[in-house]
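Trainee: I should be grateful for a close look at one part of this structure, the open sheet and the elements connected with it. Please take me through that part step by step.

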Amino acid sequence: MPKVDVLIAGSGSAGIFAATWLAIYNIPFTILEHRSGPLKIGQADGVQCRTVEIYESFGLSEELLREAYHILEVCFWGIDEDESGEGKGGIKRKSRAIDTEKGLSHLPHVILNQARMNGLMLGKMESILKEKGRWEDGKANGIEYGWSVIGLDIDEGKKADPGAHCVRVTAEKDGTEETWEAKYVLGCDGAHSTIRHSLEYRMLGDTSDTVWGVVDIYPLTNFPDIRRKCTIHSTAGNLLIIPREGGHLVRFYIQLPHGVHPKKVALEDLQTQAKRIFAPYTMDFAGVFWWSAYSIGQRLAEKFEKDGRVFLTGDACHTHSPKAGQGMNCSLQDGYNIGWKLGSVLRGLAPPSLLNTYVLERSKTAADLIAFDKELAKMFSRKEEYPGEFADYFVKSGRYMAGFTAKYQDSEVTSLATSTTYIATGITVGMRFPSAQVIRFCDCKAVQLQRVLQSNGRWRVVVFAGDINETTHWRSLNKLADSLEHIAQRFTLEGDDIDSLIEPLLVLRSKFLQTEQGQIPDYFWPVSGKWKIRDLHKTYIDDDHYNSGHGYAYEKYGVDSSVGAVVILRPDQYISKVTTLDDFDGIARFFKGCMIEQQTEIKGAVNRCSDKE
Ligand SMILES: Cc1cc2nc3c(=O)[nH]c(=O)nc-3n(C[C@H](O)[C@H](O)[C@H](O)COP(=O)(O)OP(=O)(O)OC[C@H]3O[C@@H](n4cnc5c(N)ncnc54)[C@H](O)[C@@H]3O)c2cc1C
């Protein structure tokens, strides 16, 4: 019977993201995928700004941005009426608006098909496995295609032992059955999840499914906004236009009448419906690349986990309509959330209780999504109470649709209660850390600070230390460096680099030209990596750049440079805690609350404030 640390059912968006984290933490995993190979075409396409940020954190944003369609504007079309409100027949553009509020993210909202999105991450996973010497050409390398999971059971007698492979998963391929034993199982097997069925968890929520037709076409049309994202409300029905990558392809989402069965929908039905909605504009299909009809109910699984050993993610625990373009985003972010936590637990860095925060955080996100989807569906289908009501609602919901409203509650990895929030008023504990331009000190490159926060398993302590040319600031930074170094040593695995688990990042408000590397405490340029040389890429300056202007990061983060701030970030870029530069005990307590101490006997710290004075 094959044994593995983590068994993942399904290689969709959620499964691939979770597995990529496990590869980063070097944890053995097996994905069982019912398809014969990777997804080739179709399914979701909307990539919210937050998801683009996550791809950037894996070093994949350049490819994604190059290939994708960038959504910069949205147009709202409605019934063409005369002044008395009487329909004249046909449709007209009622308004247009910016797609994503200015300044929300340094990255745009884009469109790229899910097959390619998954493919980019699979490529990343492959490169990590190769780097770790875990890749063998011609072998499965963690993904077993053609296997359908058929059942799961948990060995009650073993589950109290954290090291036990107590979950058994049975799968079938070409008439042969095989059972895997795993410590943890992730149900990433989509809306009809076998894992969820095996746990006998119900999906709660709407029973009446809306049927959507989705079709990727090459349009022959005189409709003027065919290369813009549009919502169209007409007397013949509602339609969403999503221009696709590549320049010509366009996707239509067409809401089909209640009572239609997805299996009974034909491509001609979608063509006829689209023609009627676009009238008086012409709409012919020069070619059809992909189409589908599928039904979606707004539902949530009654539970997201079993015995702290089996976790549901993505469509396996929440389903909703595609109108807001959230399906793939929410699902991959579930995988992104559980992945680093499982990796931390299985590496022995954090206790298994960390996994409870997955349920706390993602069940709330899923419930918010269902509520949002219901409201959007209502707004999409009903008559406006005043002209432009739908457009107003759409613009107001922009932050949500861009993926920037998720706010995680307090837990062992999020601590609003112990934070000193007034010293960094531009950021919110429990939300993702936003970006600002800063200058990398060692080579004068203007960079986005968020880009530095790569998804590699590291926690970050971002220190806003003000101007170190002022002696008081320099002294307090040195004291903090000493303390942080001790804390990092306590939780880092013996033999690993000092910055491998908790990485220090320094953001100064000093003058770039008046700062010298020697002023910066050693802890912020530690000896690390394969070559054991000093890493100079941890110090940033918030100042005017030769070519790129001033990022005003301190203003953006709401940090007063005369006070400073320390911001603790999780490996997924979410803000855990904000505190003062002298809160040594508070920072140590925070890490003790969520990590396992590895080294209690601390060797002497490298930095000595007195050495420098
Ligand atoms: C046909 C279709 C069209 C869609 N179109 C859109 C869209 O246009 N816009 C949008 O926002 N959302 C759309 N969605 C939804 C969106 O694709 C999902 O929200 C998203 O893919 C969920 O990701 P996931 O990883 O949870 O599940 P999925 O991406 O569905 O991945 C689940 C994986 O599990 C595998 N699997 C299933 N059962 C088993 C089993 N028993 N054993 C092993 N493997 C199994 C599947 O083959 C699949 O690879 C669509 C979904 C479908 C099915």
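Mentor: Two strands are taken to pair if DSSP finds at least two bridges between them. On that basis, in this predicted model, 7 strands form an open sheet with mixed pairing, in the order E6-E5-E14-E15-E16-E13-E17. Strand E6 (87-98) and E17 stand at the edges with a single partner strand each, so one side of each is left without a neighbour in the sheet. From one strand to the next, the twist averages 20 degrees.

Within the sheet, strand E15 (residues 237-243) pairs with strand E16 (residues 250-256) in the antiparallel sense, over 5 bridges. Here leucine 239 stands opposite isoleucine 254 in E16. Towards the E6 edge, helix H9 (residues 389-396) lies across strand E5 (73-81) and E6, and runs at about 25 degrees to E6.

The edge strand E17 leads to the ligand. There are 33 residues around the ligand, of which Gly10, Gly12, Gly190, Gly314 and Gly327 come nearest. Strand E17 (283-296) is one of the elements that give two or more residues to this shell, and helix H7 (327-346) is another. By character, the shell divides into 11 nonpolar, 17 polar and 5 charged residues.

Helix H7 has 20 residues and reaches 29 Å from its first C-alpha to its last, close to the 28 Å expected at 1.5 Å a residue. Because 20 of the 20 residues of H7 are buried, this helix is largely enclosed by the rest of the structure. Just after H7, glycine 348 takes a positive phi of about 80 degrees.

Notes. Residues numbered from 1 in each chain as written. Predicted model: local features only at pLDDT ≥ 70, side-chain atom pairs only at ≥ 80, totals over all residues. Near = placed C-beta within 6 Å. Helix = DSSP H or I, 4+ residues; strand = E, 2+ residues; numbered from the N terminus. Nonpolar A, V, L, I, M, F, W, Y, C, P; charged D, E, K, R; others polar. Expected span 1.5 Å × (residues − 1). Buried ≥ 20, exposed ≤ 12 C-beta atoms within 10 Å, placed from the backbone. Axes fitted to C-alpha atoms, helices over the stretch in contact; angles between N-to-C directions. Contact = placed C-beta atoms within 7 Å.
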